[in-house]
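Work through the exercises below with the model open beside you. Try each task before you read its solution.

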Amino acid sequence: MYFCPNNHLLFTKYYDYTFPCHVCGLSNITPPFYACELCVYFVHKSCGELPHHLLFHSKHPSHTLTLSSEENYKCNACNSNFSFSPTFKCDSTCNFYLDLKCAMMAPITFKKLYLDQTTTIIQHSTHPHPMKYFHVDYDQTAHCFGCRSLIKSGCQVYVCGEDFDYVLHKSCAELPKEIHYPFHLNHGPLTLNIKYFKWFNDKCNLCNKIYTTIFIFKCNECSFWLCLKCNEIAMRAKRSIKYKYHEHLLCFASDGDMFIDNNNHCDSYDSYCKQTPIILHNKEFSDTSPFTFYCLECDFKSHLLCGPLPSRIEYEYHIHPLILSELFINEESFEDYYCDICEMRRDPRIRIYYCADCKYAADVHCLINEIKNIFESDINNVPLITMGEDLGIAADDEYDDISSERLIDMINALSHEEKKFLRMFYIWYDSSSSSMVKEQQLEKQKHSHNEASESNLEDKDVNWIIDYLSLRYINRRDAFNDNVNVYRLRMFEKKPKFESTDLELKLVTVEGYKIPHPLAPILKRLLSEHGDISSDDGEIKLSKEGKSVIYFILCKTLKRMRDTKIADITIDLLLEWDFNVNFIKESVAFEIDFLTSHVWELIKPIFCGIQAKRLESEIPTMIMKRREKLHQEMIKLDSQLATCENILKTPGLKELCAKASAKKWNSAGEGLF
């Protein structure tokens, strides 16, 4: 988009125009040309695409240069004379002119003119004079021309011997002329350029921030621009990371990178922060929050702890390599777990690095320097492990045949009868609906850092646990069923929801069934151990795609059970599993006796014991907090009652109330007519 001097949008016209161009002054403009009919402003297409202003130009950095047309002028850069030609003219009183060729300089280059043991001199294409190398010993007031940052003590710079205000950091002066940006390879290398001017949407294509630097990298075939900060990160991106739950490559970002946003959501599939939001209060998450994984092609981000980590680390203060372990329980102590480096208590739900020979455990944040060194060097030969891979379910296969079809596409393609049947038990939104967009926003808010509470128990969990554990026969299935039936009814009434993040997942094929690719290893393991457990004897005869949706529900349930620690099971989660299992077994007749018996065995001796243990401290603490809150509310209410009594004692108030009572049924308009 291009604009006239009054910032109106220029439109392309295709008819003949005999009046002169408002920029160059030449007549007989040939189509196509640009026009603003509001301002009666007509220009050649090439003239209309010129910037209106140049900022911080190396030939005249102190003032802004404005595009104009002069009858006669002499270019101050090349000393050539021009007539009736566009020029960039100083807005001040300098009488400074640049012709278009000198103003829109060629890509940046530099060469070293003289080099010995004590002196380095360069000729940089952004400046007409040689520049000498200096090591700065104290803070300066000057700014680097390339990155516009202050020159500070310790900087290595090149300074012009004639114009001491013109300074370049050594790193800015020696930037490569071209870079091969790993995520914009179709158009060849990006070229180092000077960004003298501002367009309507003048932002870096990666960080989407307005430029603060003069040097930028530009694609010569399209409008792709990269600022210096993003270039630094892009070069690190050559050591990009393949994450099995995201279609693009990821990069590792550390503190200081612009992509860090500690309050942002995490997009990792079914990771710690989504399974158990309470875990976000853990010190390990706060200690690793300055580090994240991000995608250079979309807005995908992941917590360090939720993303892929090196499978092993060599730690200089331990004789053996430390192996990444997702689940480690100390058999000698079931309650207290400590890091052997910082000697602080740790959460057993969070991944650690462990030496089995020495029973030596280390938090991730205590090894962050070693992890940074791995990610910021060549990681091609370093195995990375994603959450869940070391628990024995993940398959070895890499699913390169991921199709463009999403789960929501497969559901939408089901027959009317199949969709009607599914909607009796589940709800979902199409990705094009406003409800889906709203749901995605709510999910991001739900999984943000600010949403986690100090306990994963809600009031209804406390009520259910007390009611259930009060029963005499808690180990009997009928007692459990009787106690949860009211909750099951509520679950059926509101219906479980297919999450938008699942619906957007792309599919792979496993033995003829389509499944979201993160769940493919689970389906493969399931079919390997139990065979095809689908059936045509359910309430409706399902197509292959319909059965694939049921396998999705089953594999999603299995994955969630595998990833959830027993201590984190809530009544809602338990009922969700119970609902899914009953639907799969009773309504579609899949043969899942192995799962129903496992769920009951989980509930009977283990889950009940975990809930009983909560009666020792967690639940009483919650009840005392609720009681204290109610006590404070009672104090507030008592104070308000006392205030009411005191107000009624105000002289004359009773007479006013009596008068109001006598008049309250009269018309408000009485006496007006």
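**Exercise 1: Strand partners**

Task: Find the residue that stands opposite Arg312 in S22.

Solution: Arg312 faces Ile323 in S22. Strands, like helices, are DSSP runs numbered from the N terminus (H or I of at least four residues for helices, E of at least two for strands). Next, look at the two strands involved. Strand S21 (residues 312-313) and strand S22 (residues 322-325) pair in the antiparallel sense over 2 bridges. Two strands pair if DSSP finds at least two bridges between them. Then move on to S23. S22 and S23 pair in the antiparallel sense over 3 bridges. Here Leu324 has Tyr353 in S23 as its bridge partner.

This is a predicted model, in which local features need pLDDT of at least 70 and side-chain atom pairs count only at pLDDT 80 or more, while totals for chains, interfaces and linings use all residues. Residues are numbered from 1 along each chain as its sequence is written, and side-chain values use heavy atoms, with hydrogens and water left out.

**Exercise 2: An aromatic pair**

Task: Classify the pair formed by Phe145 and Phe215, and say which parts the pair ties together.

Solution: Start with the rule. Rings of Phe, Tyr and Trp (its six-membered ring) pair if their centres lie within 6.5 Å; planes under 30 degrees apart are stacked, over 60 edge-to-face, and the rest tilted. The structure holds 21 aromatic pairs. In one of them, Phe145 and Phe215 lie 5.9 Å apart centre to centre, with 75 degrees between the planes, and the pair is edge-to-face. Now place the residues. Phe145 lies in the loop between strand S10 (131-135) and strand S11 (156-160) and Phe215 in strand S15 (residues 215-219), so the pair ties together parts that are 70 residues apart in sequence. Both Phe145 and Phe215 are buried. The cut-offs are under 20% relative accessible area for buried, over 50% for exposed, and partly exposed in between (1.4 Å probe, protein chains only).

**Exercise 3: Charges over rings**

Task: Which ring lies under the charged end of Arg423, and which under that of Lys544?

Solution: Apply the test: NZ of Lys or CZ of Arg must be within 6 Å of the ring centre and within 35 degrees of the ring normal. Arg423 sits over Trp428, 3.9 Å from the ring centre. Lys544 sits over Tyr513, 4.1 Å from the ring centre.

**Exercise 4: Positive phi**

Task: Where does Lys359 lie, and is Lys359 buried or exposed?

Solution: Lys359 is in the loop between strand S23 (352-355) and strand S24 (360-363). Its phi is near 55 degrees, a positive value in a residue other than glycine. Lys359 is exposed, with a relative accessible area of 54%.
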